[in-house]
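Student: Could you take me through one part of this protein slowly, as if we were looking at it together? I would like to see how neighbouring pieces pack against each other.

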Amino acid sequence: MSSTPKHLRNISTSSMRDINNEFHNCNSPRTPGFIRQRKHSHSNEIPAEISKLNGTNHLLIDDKAKYKSMWIRAYSSLWMLLSLLLLIYLGHLYMWAMVVVIQIFMAHELFNLLRKANTNNQDKRLPKFKFLNWHFFFTAMLYVYGRILSQQLVNTVSSDKFLYRLVSNVIKYQMVICYFLYIAGFVWFILSLRKRYYKYQFGQYAWIHMILIVVFAQSAFTVANIFEGIFWFLFPAGLIAMNDVAAYFFGFFFGRTPLIKLSPKKTWEGFIGASVATMIAAFAFANFLGRFHWLTCPRKDLSTGWLKCDPDPIFKPEYIPLPTLIAQWLPWKEIAVLPVQWHALWMGLFASIIAPFGGFFASGFKRAFKIKDFGDSIPGHGGVTDRMDCQMVMAVFVYIYYQSFIAPHDYSVEMVLGQVLRNLDMEEQHALYNKLGQVLRESRFIQD
């Protein structure tokens with residue numbers, strides 16, 4: 001017999017029974033409180049399969065399938081490189097077309113991302129709303145590239161061509177056309193508003209404008225760099241690719257220390273090794289590309305012929321004598337260095353330290369939407385947006401650097417006349433020509 005009193009034994013037994021009942025009720029899937037708790041915790045966590053895809057706690061050096069992934073990436077990279085070389089051979093206009101195609105793919109991937117993030121399938125109830133996205137996209141394209149086209153058209157075709165008159169009138173009223181196209185889209189959006197979908201539609205409207213800023217504000221600088229000379233597009237793009245490849249291989253073989261939580265596969269070993277390799281490659285790569293006139297000459301019109309020009313001084317070699325201790329062991333006494341190589345070091349520094357943060361931003365964006373890649377159009381690389389995250393940041397920097405430290409800022413007669421003629425049609429240009437001739441004849445008469 002137990003020494004515990006009977007009334008205490010009864011209390012203990014009933015208490016244990018209540019505790020057991022409460023325990024079973026709390027673990028029952030029918031309990032409302034438990035369901036709410038499960039939903040709340042699920043909404044704040046990345047699913048296990050997504051975490052695995054994003055590489056959480058999974059360094060590249062420990063990946064068992066890394067060799068297969070490496071060969072897929074290498075195969076895709078080879079095809080992208082060959083395609084780029086073909087476009088470089090064809091010329092500036094084809095590279096401009098390449099940028100436009102890349103923009104369309106990026107916009108398509110980002111628009112699809114917004115629809116995938118919509119878990120209530122509201123876009124299916126608004127089937128015409130996606131056409132509004134593309135209306136704003138092509139309006140922005142006409143505005144951005146119309147301004148670039150207006151700078152190149154005057155030097156391309158002559159006055160007796162119907163195409164010139166047609167396009168020149170379109171360019172002249174380009175801002176008006178783009179403004180009313182945007183207003184048409186704005187009115188279309190207001191008329192498409194539906195009850196119970198206001199929040200979704202205004203959210204989509206804001207996302208559209210953010211996507212247009214990301215895609216066009218930076219791609220416009222890329223096109224401007226191309227017309228200043230293919231060198232100013234190819235060189236920074238090559239630096240980003242070299243840095244990406246170097247970071248991949250250094251992380252592949254030596255990566256042990258995680259760099260940033262947004263990109264768990266990035267390591268300090270890959271980051272530092274790629275920075276050093278990119279700086280060395282920048283100095284040598286600039287010397288190689290800077291010797292081709294086809295790459296360094298600016299394009300002043302919309303023709304497709306090969307370019308020949310007097311090279312800019314930064315592409316003319318300077319000869320630096322070697323120190324005596326080194327020269328006595330070498331067959332040459334001096335080395336040829338292009339001045340652009342010193343600028344290349346600054347670009348290499350930016351490409352290896354700052355530009356990767358464009359990739360980190362994209363990684364954080366993808367983790368916010370719980371996706372691995374923006375798309376799957378490039379095997380082993382993801383989508384086009386995944387490849388252009390760092391390129392866009394680099395293109396803006398190169399344009400600003402070129403305009404600030406390299407481009408000449410002296411205003412010659414040709415430059416002033418070129419700026420004036422771009423804003424005149426053919427009749428106005430002829431009138432200006434006749435007026436200038438009259439002024440010159442009068443000045444000569446006065447001098448005589």
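Tutor: Happy to! Let's begin with helix 12 and helix 15 (residues 340-353), which pack at an angle of about 155 degrees with their axes 8 Å apart. Please keep in mind that this is a predicted model. Angles over 145 degrees count as roughly antiparallel. Helix 12 and helix 15 are therefore roughly antiparallel to each other. The crossing of helix 12 with helix 15 is right-handed.

Now look at the residues that touch. From helix 12 come Phe271, Ser275, Thr278, Met279, Ala282, Phe283, Ala286 and Asn287. On the helix 15 side they meet Val340, Gln341, Trp342, Ala344, Leu345, Gly348, Leu349, Ser352 and Ile353. Sorted by class, this contact has 11 nonpolar and 6 polar residues, and no charged residues.

Next, turn to another partner of helix 12. Which helix axis comes within 8 Å of the axis of helix 12 (residues 268-289) and crosses at roughly 145 degrees? That is helix 11, made of residues 231-254. Helix 11 also passes helix 12 in a right-handed crossing. Many residues take part in this contact: helix 11 brings, among them, Phe231, Leu234, Phe235, Gly238, Leu239 and Met242, and further along Ala246, Phe250 and Phe254. Helix 12 answers with residues including Glu269, Gly270, Gly273, Ala274, Ala277, Ala281, Phe285 and Leu289. By class, the contact between helix 11 and helix 12 has 16 nonpolar, 7 polar and 1 charged residues.

Try comparing the two lists for helix 12. Ser275, Thr278, Ala282 and Ala286 meet residues of helix 11, and Ser275, Thr278, Ala282 and Ala286 also meet residues of helix 15.

One residue of helix 11 is worth a pause: Phe253. Is Phe253 buried or exposed, or something in between? At 45% relative accessibility, Phe253 counts as partly exposed, because that category lies between under 20% for buried and over 50% for exposed. The C-alpha atom of Phe253 is separated by 9.3 Å from that of Glu269, 16 residues apart along the chain.

How does this part fit with the database record? An unreviewed UniProt entry carries the annotation "transmembrane region" for several spans, including 230-255, 267-289 and 340-362. Two other spans under that annotation are 94-111 and 170-193. Residues 94-111 are 100% helix and 0% strand in the model, with end C-alpha atoms 26 Å apart. For residues 170-193, the end C-alpha atoms lie 32 Å apart, and the span is 92% helix and 0% strand.

Two loop residues have a backbone feature to look for. Arg196 sits in the loop between helix 9 (174-192) and helix 10 (198-228). Its phi is near 75 degrees, a positive value in a residue other than glycine. Arg196 counts as exposed, at 72% relative accessibility. Lys370 lies in the loop between helix 16 (356-368) and helix 17 (384-406). Lys370 has a positive phi too, of about 60 degrees, although it is not a glycine. With a relative accessible area of 29%, Lys370 is partly exposed.

Finally, let's step back to the whole protein. There are 19 helices and 4 strands, and 38% of the 448 residues count as buried. Among contacts between residues at least 6 apart in sequence, 73% join residues at least 24 apart.

Key: Residues are numbered from 1 along each chain as its sequence is written. This is a predicted model: local features need pLDDT of at least 70, side-chain atom pairs count only at pLDDT 80 or more; totals for chains, interfaces and linings use all residues. Side-chain values use heavy atoms; hydrogens and water are left out. Axes are lines fitted to C-alpha atoms, for helices over the stretch in contact, and angles run from 0 to 180 degrees between N-to-C directions. A crossing is left-handed if the near helix is turned anticlockwise from the far one by less than a right angle, and right-handed if clockwise. Contact means heavy atoms within 4.5 Å. Ala, Val, Leu, Ile, Met, Phe, Trp, Tyr, Cys and Pro count as nonpolar, Asp, Glu, Lys and Arg as charged, and the others, Gly among them, as polar. Angles under 35 degrees count as roughly parallel, over 145 as roughly antiparallel, 65 to 115 as roughly perpendicular and the rest as oblique. UniProt positions are given in the numbering used here, feature names are shortened, and annotations may be inferred rather than shown by experiment. Buried means under 20% relative accessible area, exposed over 50%, partly exposed in between (1.4 Å probe, protein chains only).
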